[in-house]
Amino acid sequence: MIKSDILIIGAGPTGLFTVFEAGLLKLRCHLIDALPQPGGQCSEIYPKKPIYDIPAYPEILAGDLTDKLLEQIRPFDPGFTLGERADTINQLDNGDFLVTTNKGTQHQAPVIAIAGGLGSFEPRKPPIEDLARFEDKGVAYFIKDPEVYRDKHVVLAGGGDSALDWTIFLSDIAASVTLVHRRNEFRGALDSVEKVQQLKNKGLINLITPGEVIGVAGEDHLTSITIRIDGDAIIQPCDAFIPLFGLAPKLGPMANWGLEIEKNAIKVDNTLDYQTNIPGVYAIGDVNTYPGKLKLILCGFHEATLMCQSAYQRIHPGKKHVMKYTTVGGVEGFDGSHKQAPKAVIKSID
Amino acid sequence: MEIQVTIVDREGAAHIVAAPTDMNMTIMELIRAYELAPEGTIGVCGGMAMCASCHCYVSSSEELPAQSDDEHAMLADAFYVEDNSRLGCQIFLKPELAGLTFRIAPES
């Protein structure tokens with residue numbers, strides 16, 4: 001059981017900044033994210049793209065913004081449960097919430113801050129008839145354990161880095177690797193594209209471009225796929241088919257938590273503290289909606305700040321505190337660090 | 001300055017809408033502005049040609065800008081692709097697109 005004062009669901013920029021604002025109020029945070037790394041969309045979708053509307057940064061790369069947020073919150077020692085999706089929520093007798101992930105990790109906290117962006121990232125599944133029937137029976141959308149494919153005949157589809165990287169990796173261990181892509185061009189790292197070209201030249205992989213997997217077949221387990229090449233449908237026997245078409249965010253299980261949902265987002269009280277219809281559960285950043293909502297990182301930062309003040313009152317009812325400027329109060333980390341503005345030097349002139 | 005364009009939504013209903021040409025808007029943003037596809041199913045990546053949620057079929061012959069490498073590559077990984085497939089986030093509304101008709105591709 002992982003306990004914290006605020007359990008943050010979503011480790012994107014808004015979730016990360018929540019740790020800072022909570023830390024100033026001496027509240028400890030833990031973050032859950034379905035992705036294997038923090039940063040949310042900033043690290044998953046566009047780490048090398050610039051953002052121009054972060055106050056005081058005329059330009060910052062999304063990946064650098066993530067790094068700077070992680071640096072900023074380090075003194076507050078946040079915990080992370082990465083690569084797991086928050087699946088269920090229950091309220092305990094003492095009012096705390098119990099959130100369980102898809103891998104069974106349990107988290108307990110008196111306050112939940114949902115900073116889930118557009119949802120958790122799930123693999124994009126191609127619209128192939130019967131594909132779902134073979135999931136975990138030869139069809140997989142990501143590779144957990146490459147050893148599963150040792151000495152197997154594997155077909156991959158897609159034109160990005162994952163498809164290229166796994167083609168290279170599996171070419172060493174699988175009995176055969178076929179990569180199918182709709183175009184001749186790939187948009188992965190140049191180095192990976194060149195390696196795949198070499199593997200093809202040496203006859204170590206089978207590259208089919210332009211081609212598209214349009215069918216899957218088998219009894220209990222996948223035994224073949226159908227590939228459309230130049231208008232012809234060709235059946236290729238195989239043990240595994242791995243479509244790698246990237247990830248798309250889905251609100252997912254959270255949609256069944258009893259929260260009021262509007263426009264695929266969680267409705268909150270924006271006049272006060274971004275609380276949802278469940279007291280103690282807040283929604284901040286792109287995941288929430290209210291009249292006039294703008295899905296901007298800078299708005300998420302604002303929402304996180306106000307939400308933490310409300311969370312403090314919930315966790316410490318009646319306990320007085322006044323918002324302090326960091327320039328005045330400094331930043332006192334849970335790790336023993338202390339940042340403080342230098343004191344003025346006063347010296348008399350004789 | 002405004003032009004008229006026709007958007008066919010995912011249910012097949014046609015909407016003739018006024019589209020500003022002086023606000024640096026794309027057809028993906030126009031769909032969102034008129035709420036013709038549910039939030040979270042259109043423009044997911046914000047308009048960077050990185051998700052294909054704004055995939056459209058352009059069904060009139062107005063002169064469109066050429067596909068960039070980014071759009072070309074993303075369409076290669078999109079689903080339900082046809083010869084007239086484009087990403088709505090890469091087509092900016094301009095006076096010469098008056099009368100444009102396009103259909104929003106199925107959600108994937």
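**Close-up views of chains A and B**

**View 1. The loop around A:K103 in chain A.** A:K103 is exposed, as 10 other C-beta atoms lie within 10 Å, and the limit for exposed is 12 or fewer. The model shown here and in the other views is predicted. A:K103 belongs to the loop that runs between strand 8 (97–101) and strand 9 (106–109) of chain A. From C-alpha to C-alpha, A:K103 and A:A86 are 9.0 Å apart in space, with their positions 17 residues apart in sequence.

**View 2. The hairpin of strands 8 and 9 in chain A.** Strand 8 and strand 9 of chain A make a hairpin, and 4 residues lie between them. In the turn, A:G104 has a positive phi of about 90°. The two strands, strand 8 and strand 9 of chain A, run antiparallel and are joined by 4 bridges. Across this pairing, A:V99 is opposite A:H107 of strand 9. Strand 9 of chain A also pairs with strand 1 (residues 2–3) of chain A, in the parallel sense and over 2 bridges. On that side, A:I2 is the residue opposite A:H107. Which side chains of strand 9 of chain A are buried? A:H107 and A:A109 are, and they point to one face, whereas A:Q106 and A:Q108 point to the other face and are not buried.

**View 3. The nonpolar cores.** The largest nonpolar core has 48 residues, and those touching the most other members are A:I6, A:I112, A:A113, A:I114, A:Y282 and A:A311. Helix 6 (residues 297–315) of chain A supplies 7 residues, the most given to this core. A:I112 can be followed outward through its contacts: neighbours within four places in sequence left aside, A:I112 is in contact with A:L7, A:I9, A:F97, A:V99, A:G280, A:V281 and A:Y282. A second core, separate and made of 35 residues, includes residues of both chains, among them A:L118, B:A37, B:C89 and B:I91.

**View 4. The contact between chain A and chain B.** Chain A contributes 22 residues to the contact and chain B contributes 14 residues. Sorted by class, the chain A side that touches chain B consists of 9 nonpolar, 6 polar and 7 charged residues.

**View 5. The sheet of chain B.** In chain B, 5 strands form an open sheet with mixed pairing, in the order 2-1-5-3-4. Strand 2 (14–20) and strand 4 of chain B are at the edges; each has a single partner strand, so one side of each has no neighbour in the sheet. From one strand to the next, the twist averages 40°. Strand 1 (residues 2–8) and strand 2 of chain B are an antiparallel pair with 7 bridges. Within this pair, B:T6 is opposite B:I16 of strand 2.

**View 6. Helix 2 of chain B.** The buried residues of helix 2 (residues 69–76) of chain B are B:E71, B:A73, B:M74 and B:A76. What do these buried residues of helix 2 pack against? Their partner is strand 4 (85–87) of chain B, a strand that stands at an edge of the sheet.

**View 7. Backbone geometry at three loops of chain A.** Most residues other than glycine have a negative phi, and most peptide bonds are trans. A:D136 has a positive phi near 65° and is not glycine. A:D136 sits in the loop between strand 11 (120–123) and strand 12 (153–157) of chain A. Is A:D136 buried or exposed? A:D136 is exposed, because 7 other C-beta atoms are within 10 Å, and 12 or fewer counts as exposed. A:N264 likewise has a positive phi near 65°, and its place is the loop between strand 20 (261–262) and strand 21 (265–267) of chain A. With 16 C-beta neighbours inside 10 Å, A:N264 is partly exposed. At the third loop, a cis peptide bond with omega of about -15° joins A:T209 and A:P210. A:P210 lies in the loop between strand 14 (206–208) and strand 15 (211–218) of chain A.

**View 8. Chain A and its two domains.** Chain A divides into domain 1 (2–121 + 248–339) and domain 2 (125–244). Between the C-alpha centres of domain 1 and domain 2 of chain A the distance is 37 Å. The chain has 7 helices and 25 strands, and 40% of the 350 residues of chain A count as buried.

Key: Residues numbered from 1 in each chain as written. Chains lettered and ligands numbered in written order. Predicted model: local features only at pLDDT ≥ 70, side-chain atom pairs only at ≥ 80, totals over all residues. Buried ≥ 20, exposed ≤ 12 C-beta atoms within 10 Å, placed from the backbone. Contact = placed C-beta atoms within 7 Å. Pairing = 2+ DSSP bridges. Axes fitted to C-alpha atoms, helices over the stretch in contact; angles between N-to-C directions. Domains from an automatic or database assignment. Core = buried A, V, L, I, M, F, W, Y, C linked by C-beta atoms within 7 Å. Nonpolar A, V, L, I, M, F, W, Y, C, P; charged D, E, K, R; others polar.
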